[in-house]
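Trainee: I'd like to learn how to read charged pairs and surface patches in a protein model. Can you walk me through one?

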Amino acid sequence: MHRDTSIIRERLVQGLPLALLLLMGGFAVAGPSGLLAWGENQRLLEARKLSLVQLQDQRDQLRNRVNLLAPDHVDPDLAGELLRSNLNVARPDEKVLLLPH
């Protein structure tokens, strides 16, 4: 009986570290930051870099538009464009052409 428990204990002492090593190896290959996910992470990184560049361009355009509408020096062309588009107005010397949709 004592021999059976010592064999079980010995197998447990040998098997547990092996199981832990296999588990760590599995995570290294198939885990969320493992070798299989590396390519997907690189693709996502490139897509996010492209998105960041587009958002920075959009931010710069909006910043320029805000600067053109600063209260102390409003750009007259932009102010006229906004008035015409938002209030639907035209100057007397302008002709309005209605385009079919």
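Mentor: Sure, let's begin with the salt bridge: a side-chain nitrogen of Lys or Arg within 4 Å of a carboxyl oxygen of Asp or Glu. Keep in mind that this is a predicted model.

Trainee: How many salt bridges does that rule give here?

Mentor: The count comes to four. Take Asp60 and Arg63: they form one, and their closest N and O atoms are 3.7 Å apart.

Trainee: How far apart are Asp60 and Arg63 in helix H2?

Mentor: They sit three residues apart in helix H2, which covers residues 35-68, so about one helical turn separates them.

Trainee: Which other residue does Asp60 pair with?

Mentor: Asp60 also forms a salt bridge with Arg59, where the closest N and O atoms are 3.4 Å apart.

Trainee: And how do I read whether these residues are buried or exposed?

Mentor: Look at the relative accessible area: under 20% is buried, over 50% is exposed, and in between we say partly exposed. Asp60 has 36%, so it's partly exposed. Arg59 lands in that class with 41%, and Arg63 is partly exposed too, at 45%.

Trainee: Where can I find a pair that links distant parts of the chain?

Mentor: Try Arg65 and Glu81, whose side chains meet in a salt bridge with 4.0 Å from N to O. Arg65 belongs to helix H2 and Glu81 to helix H3 (residues 76-87), and the two are 16 residues apart. On accessibility, Arg65 is partly exposed with 35%, and Glu81 is partly exposed with 44%.

Trainee: Which residues do shared partners join into one network?

Mentor: Those are Arg59, Asp60 and Arg63, joined by salt bridges that share partners.

Trainee: Okay, now the patches. Which residues make up the nonpolar patch on the surface?

Mentor: For a patch, you look for residues with over 30% relative accessible area and no salt bridge, and nonpolar side chains are joined within 5 Å. Here Leu16, Leu20, Leu23 and Phe27 form a nonpolar surface patch, with about 420 Å² of accessible area together.

Trainee: Let me try one of them. Is Leu16 buried or exposed?

Mentor: Use the cut-off from before: Leu16 has a relative accessible area of 52%, so it counts as exposed. You'll find Leu16 in helix H1, which spans residues 2-30.

Methods. Residues numbered from 1 in each chain as written. Predicted model: local features only at pLDDT ≥ 70, side-chain atom pairs only at ≥ 80, totals over all residues. Heavy atoms only, no water. Patch = residues over 30% accessible without salt bridge, like charges linked within 9 Å, V, L, I, M, F, W, Y side chains within 5 Å. Areas by Shrake-Rupley, 256 points an atom, 1.4 Å probe, with all protein chains shown as cover. Helix = DSSP H or I, 4+ residues; strand = E, 2+ residues; numbered from the N terminus. Buried < 20%, exposed > 50% of the residue type's maximum accessible area, 1.4 Å probe, protein only.
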